[in-house]
Amino acid sequence: SAAAGWCKVKENVREGEASPLHEELLQLSEAAQEAKRGVFAEANAENNAFVTVDREPDTKAIFDRYRGQHVRALVDYVRDGASFRLVLINAAAGGGGAAVLPAVNFFLAGVAC
């Protein structure tokens, strides 16, 4: 959420297009920035986590490992209503250093866009 500093709210909205919700989100984002929360935290903060996204993972191995299971993911990119790039959260690999999360392309069948 904007209050936790998990995102940045776009400021350059054309005049007349800003809604009351946008103004509220903008204020929450500014408060998070002043409090140095989330993406606004200092670079060397002890509680920062470092994650690397693997853009070319072994998709067959991932499919075999998680077949029939629910997999938590973040939407990294939306191409259209049926095509997404997802970063798989439960599939963190590696240990000790930064987590490596695989990014996979995901397509919904039977959706007309």
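The legends below describe close-up views of a predicted model, moving from the whole chain to single residues.

**View 1. The whole protein, with 2 helices and 4 strands.**
In this predicted model, the elements follow one another along the sequence in the pattern α-β-α-β-β-β. The protein has 113 residues, of which 19% count as buried, and it exposes about 8800 Å², with carbon and sulfur atoms supplying 52% of that area. Among the contacts between residues at least 6 apart in sequence, 45% join residues that are at least 24 apart.

**View 2. Strand S3 and its two pairing partners, S2 and S4.**
Strand S2, which covers residues 73-80, pairs with S3 in the antiparallel sense over 6 bridges, and a hairpin of 2 residues joins S2 to S3. Within this pairing, Ala73 stands opposite Leu88 in S3. S3 also pairs in the antiparallel sense with strand S4, residues 99-107, this time over 5 bridges, and here Val87 of S3 has Ala103 in S4 as its bridge partner. Of the 6 residues of S3, 5 are buried, so the strand is largely enclosed by the rest of the structure. As a guide to reading such a view, in a regular strand the side chains alternate between the two faces of the sheet.

**View 3. Ser83, a buried residue of strand S3.**
Ser83 belongs to strand S3, which spans residues 83-88. Its relative accessibility is 6%, and because buried means under 20%, Ser83 counts as buried. When residues up to four places away in sequence are set aside, Ser83 touches Tyr77, Val78, Phe106 and Phe107. Tyr77 and Val78 fall within the range of strand S2, residues 73-80, while Phe106 and Phe107 fall within that of strand S4, residues 99-107.

**View 4. The largest nonpolar core, made of 6 residues.**
The residues of this core are Ile62, Tyr66, Phe84, Leu86, Leu88 and Val104. Helix H2, residues 59-66, and strand S3 are the elements that give two or more residues to the core, and the largest share, 3 residues, comes from S3. Ile62, one of the core residues, touches Pro57, Leu88, Pro102 and Val104 when residues up to four places away in sequence are not counted. Two of these contacts, Leu88 and Val104, appear in the list of core residues as well. Leu88 also takes part in the strand pairing of View 2, where it stands opposite Ala73.

**View 5. A nonpolar surface patch made by Leu21, Leu25 and Leu28.**
This patch has an area of about 230 Å². Leu21, one of its three residues, lies in helix H1, which spans residues 20-34. The relative accessible area of Leu21 is 52%, and because exposed means over 50%, Leu21 counts as exposed.

**View 6. Glu23 in helix H1, and its distance from Glu11.**
Glu23 is found in helix H1, the helix that also holds Leu21 of the patch in View 5. At 38% relative accessibility, Glu23 counts as partly exposed, whereas Leu21 counts as exposed. Glu23 and Glu11 are 12 residues apart in sequence, and their C-alpha atoms are 9.3 Å apart in space.

Key. Residues are numbered from 1 along each chain as its sequence is written. This is a predicted model: local features need pLDDT of at least 70, side-chain atom pairs count only at pLDDT 80 or more; totals for chains, interfaces and linings use all residues. Side-chain values use heavy atoms; hydrogens and water are left out. Patches are made of residues with over 30% relative accessible area and no salt bridge: like charges are joined within 9 Å, nonpolar side chains (Val, Leu, Ile, Met, Phe, Trp, Tyr) within 5 Å. Accessible areas come from the Shrake-Rupley method with a 1.4 Å probe; for residues, only the protein chains shown count as cover. A salt bridge is a side-chain nitrogen of Lys or Arg within 4 Å of a carboxyl oxygen of Asp or Glu. Buried means under 20% relative accessible area, exposed over 50%, partly exposed in between (1.4 Å probe, protein chains only). Contact means heavy atoms within 4.5 Å. Two strands pair if DSSP finds at least two bridges between them. A nonpolar core is a set of buried Ala, Val, Leu, Ile, Met, Phe, Trp, Tyr and Cys residues joined through side-chain atoms within 4.5 Å.
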